[in-house]
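Please open the model in your viewer and set the display to a cartoon, with the side chains hidden for the moment. The tour moves from stop to stop, and at each one there is something to select and something to look for.

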Amino acid sequence: MKVKEIALDGLIRQNPTFKLVLGTCPTLALTTVAINGIGMGLAVTFVLICSNVLVSLLRNAIPDKVRIPAFVLIIASFVTVVSMLLEKFMPDLFQTMGVYLPLIVVNCIILARAESFASHNKAGYAALDGLFMGFGFTLALTLMGVVREILGKGAFFGLTLWNFKIEFFSSAPGAFLTYALFIALFSAVYSSIERRNKHKRTLKPLADESLSQDATIKEVAKEAR
Amino acid sequence: MSKEPNQVVFNDETQEVRGNRRTAIKSVVVLVLIAVILGGLLAILNDALFISDEERIANTIKTFYDNEEKSYRKVNVLKQNRENIFGSIDNVYLIEDGNYLLKTTGYHGYKDGTVTLWLLAEFKNDSFNGFIKIRMESYVGQTLMSNFNDSFYQMYIDRDITQGYFSVDTDDINRIVVSGTTKTSVAINNAVNSAYYFINTVLEV
């Protein structure tokens, strides 16, 4: 049950990009094309999983007063590992990510999950939290990248679809507009689902109550006969 | 009698100080241990994932030739030809198809920093035809480097080389990149001109 909760939190209920509005720098800067979104998302996912596991394993050993420097130290180490791996095996992506790759160290999502989840939960759950938070972030960045690439470059994952393009969507203001529209859409859909679920929850006890009332009336009628 | 309460306070303080000292020592020890362990891990990975100069050149060639591998040989550049008024010539390679791959550094960027570029110079019938690929390798002291995308470098590729040395157009910079990057674009322009100067004067084509 907890796994389902963690998955839903990471992907939807506490989606780091559209719900918590964290990690906005790479979200705005790197989503000009979809592949950048996937690359950045997977890099953050790797760092999230590794740092969450290590923070969780060391949660009883790290004194409370130095927990933030310790978390930053752990996160920075894993970001360096990602940076080395990308430079070695994906030099193009490494080049594209540029300054945003080392900036993962100060990404609020990673520090927030280490502080609020990993330092209070077992390593397995912390790893799952990192995985689903990372997937939520990757999904959001990829969606934004797809929309901006189609509208701004007339392409889909590098494949040219048509010659029509609105260059505004490849620019910084276009990134802000796309992000705002996604947040609005996500909030609208999420609120409507929440309202429906709430409505269902309210109706259920009433239905049970009316059923029991029906049963009582029937019993009374039966006795009277 | 009056000294007794003071004595108790003194003991409490001593205990508190001792407790604080213990926590401080533990904090430092834990931080140092984490740093040492993770530092060791990074040292091992740094060795395992080391990228040699040959690998970097091969990667650049693969990027420029759409993942195609090409053989190349290093061109020996004399010391007096390594620097010019625009910047420096770091390395020159002759590719099997007759094109030259140049790594150049442009001077006079933002805060007197530099920008290093990889340029692929196309040669047809032994004459210079223009730059066909440009990629940024590294930079020093430039804060807005990430704003320079392919569109900016494309200007150098599209331009007719018979017009002479390249110059920076502030309007183009503001339109393609972002306002405030003029100094950085000067360094990029100098890196391109440095390669152009080398081709014209040293390779003499």
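What follows is a walk through a predicted model, beginning with chain B, passing through its contact with chain A, and ending among the helices of chain A.

**Stop 1: chain B as a whole**

Select chain B and colour it from the N terminus to the C terminus, so that you can follow the order of its elements. Its secondary structure comes to 5 helices and 5 strands, and from the N terminus on these elements run α-α-β-β-β-β-β-α-α-α. Of the 205 residues of chain B, 25% count as buried. Among the contacts in chain B with a separation of 6 or more, 54% are accounted for by residues 24 or more positions apart.

**Stop 2: the sheet**

Now select the strands of chain B, and look at how they are arranged beside one another. They form an open sheet of 5 strands in the order β1-β2-β3-β4-β5, with antiparallel pairing. The edge strands are β1 and β5 (127-140) of chain B, each of which pairs on one side only. As you pass from one strand to the next, the twist averages 25 degrees.

Keep the sheet on screen and add α5(B), which packs on the sheet and touches β2, β3, β4 and β5 of chain B; the direction of α5(B) makes about 40 degrees with that of β4(B). Then add α2(B), which lies across β1, β2, β3, β4 (114-124) and β5 of chain B, and which runs at about 125 degrees to β5(B).

**Stop 3: pairing, strand by strand**

Select residues 72-75 of chain B, which are strand β1, together with residues 87-95, which are strand β2. These two strands run antiparallel and are joined by 4 bridges. To see one partnership, show Arg73(B), whose bridge partner in β2(B) is Leu94(B).

Next, extend the selection to strand β3, residues 100-106 of chain B, which pairs with β2(B) in the antiparallel sense over 7 bridges. Here Ser88(B) stands opposite Thr105(B), which belongs to β3(B). The strands β2(B) and β3(B) form a hairpin with 4 residues between them, and if you zoom in on the turn you will find Gly98(B), which has a positive phi of about 95 degrees.

**Stop 4: a residue in a loop**

Move to Thr181(B), which lies in the loop between α4 (170-176) and α5 (182-201) of chain B. Is this residue Thr181(B) buried or exposed? Thr181(B) is buried, because 23 other C-beta atoms lie within 10 Å, and 20 or more are needed for a residue to count as buried. Now add Met145(B), which is 36 residues apart from Thr181(B) along the chain, and note that their C-alpha atoms are separated by 8.1 Å.

**Stop 5: where the two chains touch**

Bring chain A back into view and look at the contact, which takes 17 residues from chain B and 20 residues from chain A. On the side of chain B that touches chain A, α1 (3-48) and α2 (53-64) of chain B each supply at least two residues. The largest share of that side, 12 residues, comes from α1(B). By class, the side of chain B that touches chain A has 10 nonpolar, 6 polar and 1 charged residues.

**Stop 6: helices of chain A**

Finally, hide chain B and select helix α3 (residues 34-57) of chain A with helix α6 (residues 108-116) of chain A, whose axes come within 9 Å and cross at roughly 25 degrees. That crossing makes α3(A) roughly parallel to α6(A), and it is right-handed. Show the side chains in this contact, including Val44(A), Leu48(A) and Asn52(A) of α3(A) and Ile109(A) and Arg113(A) of α6(A). By class, the contact has 7 nonpolar, 2 polar and 1 charged residues.

For the last view, keep α3(A) and select helix α4 (residues 67-89) of chain A; their axes come within 9 Å and cross at roughly 140 degrees, and this crossing is right-handed. Among the residues that meet here are Phe46(A) and Leu54(A) in α3(A) and Phe71(A), Phe78(A) and Leu86(A) in α4(A). By class, the contact of α3(A) with α4(A) has 13 nonpolar, 1 polar and no charged residues.

Key
Residues are numbered from 1 along each chain as its sequence is written. Chains are lettered from A and ligands numbered from 1 in the order in which they are written. This is a predicted model: local features need pLDDT of at least 70, side-chain atom pairs count only at pLDDT 80 or more; totals for chains, interfaces and linings use all residues. Axes are lines fitted to C-alpha atoms, for helices over the stretch in contact, and angles run from 0 to 180 degrees between N-to-C directions. Angles under 35 degrees count as roughly parallel, over 145 as roughly antiparallel, 65 to 115 as roughly perpendicular and the rest as oblique. A crossing is left-handed if the near helix is turned anticlockwise from the far one by less than a right angle, and right-handed if clockwise. Two residues are in contact if their C-beta atoms, placed from the backbone, lie within 7 Å. Ala, Val, Leu, Ile, Met, Phe, Trp, Tyr, Cys and Pro count as nonpolar, Asp, Glu, Lys and Arg as charged, and the others, Gly among them, as polar. A residue is buried if 20 or more other C-beta atoms lie within 10 Å of its own, exposed if 12 or fewer, and partly exposed in between; C-beta atoms are placed from the backbone. Two strands pair if DSSP finds at least two bridges between them.
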